[in-house]
Amino acid sequence: MRLLALILGLALVVAPAARAEDGYDLWLRYKPVEASVRAAYAARAAAIAPTRDTPTMKVARAELERGLTGLVGKPASAAAGSRDGVILLKADSADTALGDEGYRIRTLTVNGRTTTVIAANRDVGVLYGVFRYLSLIQTRQSVDKLDIASAPKVKLRMLNHWDNLNRTVERGYAGQSIFDWWRLPGHVDPRLVDYARANASIGINGAVLNNVNAKADSLTAPYIAKAAAVADTLRPYGIKVYLSARWSAPIEIGGLKSADPLDPAVAAFWKAKADELYKAIPDFGGFLVKANSEGQPGPQDYGRTHVDGANMLADAVGPHGGVVIWRAFVYSHQQPDDRAKQGYSEFKPFDGQFRDNVVIQVKNGAIDFQPREPFHPLFGAMPKSNLGMEFQITKEYLGFSTHLVYLGPLYEETLKSDTMAEGKGSTVAKVVDGQLDGRKLTVMAGVANIGSDRNWSGSQFDQANWYVFGRLAWDPEASSRAIAEDWTRMTFGNDPRLVKPVVAMMMGSREAAVDYMTPLGLHHQMGRDGHYGPGPWVSGGPRADWTSVYYAKAGPDGVGFDRTPTGSNATAQYAPAVGACFADLKCVDEKNLLWFHHLPWDYRLKSGDTLWDGMVRRYSAGVAYVDGMNRTWATLAPYVDARRHAEVADYLKIQRDEAQWWRDASIAWFQTFSKRPLPPGEKPPAKSLEYYESLVFPFAPGQGG
Ligand code: GCV
């Protein structure tokens, strides 16, 4: 017995059970390369030359060592040039093309030895270069004769966390907030270091730690100390901390009677608050503000404007080098105008009046992160202001974390849209990266999908949405397909039998979700409050523009929202050529048809189908795509570790059922207006309309306050 126990004990010591992959490592898995290529890679990475001892150079070196150790074997330490295959990290390049954050990776001969030089002007550029170098090995590209230079096109590449102080996450589907405010600053969860590594690996350089529906508490001394502890942890990785500011904080925590931006006492409060923040966090990024939107307080409560509010805050943080990011997601409680028009109407008149350190942050579309929206008309319309992009990475309207929906094509579609503001080629990407109007303070923000789940994002595939967001913020003109391929290789593996089908699945997945949820330009058809599942019948409640019927306008005469000059005339907010095309049935892309037009059920689509038949077929095509993903994924079991494969397989089954539910419920509802039979071959909804309408989900995630 004793002997057996001894043997078993020894076995445990020498062969600890391999930890099952659960997605925690994200795309930074650093698994050993195949034996056949190992020697070639190892020869190029035999040793790391000594580096400077700054915090950022230390983490750059540590990451390189960690990555190489996993991929090809532990590198030695070496004096620069003392042997072949040295990697040299160099942060004093004086290379103007690289700017503050860019890097250059070259294979050079130094003292007669082959050396890989990862060079930048500043330490953080070296860190980015290290991640790029490792990704080359991770994706099995040659590292023999490198000559790569890269610099970010957008200055502030940020995550916006909608995280509450009690660790719930608004519209979060990945567990609790990773910011454990209660235990901070005494305990900083080491997970924040991995969060920082992941962000740095894709170039993200800013994080807003708290929800835009903000509490004033985060600006009190104890919470500033907590935020400072987070900032200290993220700083070596080139990530600055920002906070959402509650407009009424001067009243709630400052003892003032008002939050009027023109009241000197209010301005003094914010100036003192900024001074206090910068004392604790010398590189504090600035404030993000949601004002006069969805019940949040703001300068309009005092008869003042967004300019008055933003500029007053900008003057408080400006002397410290801070910025104010003011959201354009504003729609009035009083105004009955088409909600899609209100952001433009509120902000366009103020173009040129905001301070230089103010950025107006605009959602990609004019309603709210729908599966598909045409680009927001403010892009291209405010050339004399800094205009930033806000994408949603969390999938509030795209199936939460259980639907496989790769958002790269959504982001790319928006960024490639031509605003025509200054002639052909005035793409949204060129507005966002500042090229179009020569603007320097540029922003791309993503509403984070990160939480305490082991896999960070709620599902394995939702990690790809974090990844692609970062890569596109670095280069808004990059290809979402190429990025999907990099992600797949780094996250799952390089076997072409895996990479090809996975990338194909991902690339079609967003269009499929559009099809089974809101085809042909329909929008805002989800369930009330929790936004879970279909709810095309949602009506009544506090405001019409929070209902589905307001957006679909279904009736016996047809369906769709007329935003042409005969309707709300939202098309007039676009550059004339763009607006005219949207308003013209011969020109508008059918993917936006019902966004801009109200059409009869027998309207003929390009396919020859009637609108009704075409709609039904699109719903079914979406379901069929998810069927296909289920089948494809099942064949990939040999190439994916068991735990992650099983998790994805489970979620795909959930998605299959929910896609069918969306199709059936939507068809059941719209058929009450079209009064038409289903086209040949289409199955009727599985249940009655009453059944679908009766479903309620009070505990759907993402609603905590
Ligand atoms: C943070 C939508 C979401 C809200 C969100 C809001 C916003 O309305 O449903 O949860 O609030 O957008 O972007 O401010």
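In which loop does His 531 lie? In this predicted model, His 531 belongs to the loop between H15 and H16. The same question can be put to several other residues, but the protein as a whole comes first.

The protein has 21 helices and 14 strands. Its C-alpha trace spans about 80 × 65 × 60 Å along the principal axes. A compact globule of 705 residues would have a radius of gyration near 27 Å, and the protein, with 26 Å, agrees with that expectation. Of the 705 residues, 61% are buried. Among contacts with a separation of 6 or more, 73% are between residues 24 or more positions apart. The accessible surface amounts to about 26,600 Å², and carbon and sulfur atoms contribute 55% of that area. As for charge, there are 80 positive and 76 negative charges, and their mean positions lie 5 Å apart.

Now to the backbone, beginning with the loop that holds His 531. Helix H15 covers residues 496-517 and helix H16 covers 548-552, and His 524 is also found in the loop between them. His 524 is not a glycine, yet its phi is positive, at about 55 degrees. His 531, likewise a residue other than glycine, has a positive phi near 60 degrees. Are these two histidines buried or exposed? His 524 has a relative accessible area of 5% and is therefore buried, the cut-off for burial being under 20%. His 531 has a relative accessible area of 14%, so it is buried as well.

Another backbone feature occurs at Pro 185, which sits in the loop between strand E7 (156-160) and helix H5 (191-201). The peptide bond leading from Leu 184 to Pro 185 is cis, and its omega is near -5 degrees.

Two charged residues in other loops show how side chains are placed. Arg 29 lies in the loop between helix H1 (2-14) and helix H2 (35-44). Because its relative accessible area is 14%, Arg 29 counts as buried. What does the side chain of Arg 29 meet there? One partner is the side chain of Glu 21, joined to that of Arg 29 by a polar contact of 2.8 Å. Another is the backbone oxygen of Met 490, which lies 3.4 Å from a polar atom of the Arg 29 side chain. Apart from neighbours within four places in sequence, the residues in contact with Arg 29 are Glu 21, Gln 138, Met 490, Thr 491, Phe 492, Gly 493 and Arg 644.

The second charged residue is Glu 682. Its place is the loop between helix H20 (642-674) and helix H21 (689-694). With a relative accessible area of 16%, Glu 682 is under the 20% limit and so is buried. Which side chain makes a polar contact with the side chain of Glu 682? The partner is Ser 620, at 2.5 Å. Leaving out residues up to four places away in sequence, Glu 682 touches Val 616, Arg 617, Ser 620 and Arg 663.

To return to the loop between H15 and H16, His 531 lies there and so does His 524. Both histidines are buried, and each has a positive phi. Arg 29 and Glu 682 are buried too, and each has a polar contact with another side chain, that of Glu 21 for Arg 29 and that of Ser 620 for Glu 682.

Conventions:
Residues are numbered from 1 along each chain as its sequence is written. This is a predicted model: local features need pLDDT of at least 70, side-chain atom pairs count only at pLDDT 80 or more; totals for chains, interfaces and linings use all residues. Side-chain values use heavy atoms; hydrogens and water are left out. Helices (H or I, at least four residues) and strands (E, at least two) are DSSP runs, numbered from the N terminus. Buried means under 20% relative accessible area, exposed over 50%, partly exposed in between (1.4 Å probe, protein chains only). A polar contact is a pair of N or O atoms within 3.5 Å; within protein, one must be able to donate a hydrogen and the other to accept it, and residues adjacent in sequence count only if both atoms are side-chain atoms. Contact means heavy atoms within 4.5 Å. The radius of gyration is taken over C-alpha atoms; the globule rule is 2.2 Å times the number of residues to the power 0.38. Accessible areas come from the Shrake-Rupley method with a 1.4 Å probe; for residues, only the protein chains shown count as cover. Lys and Arg count as positive and Asp and Glu as negative; His and the chain ends are not counted. The place of a charge is taken as NZ of Lys, CZ of Arg, CG of Asp or CD of Glu.
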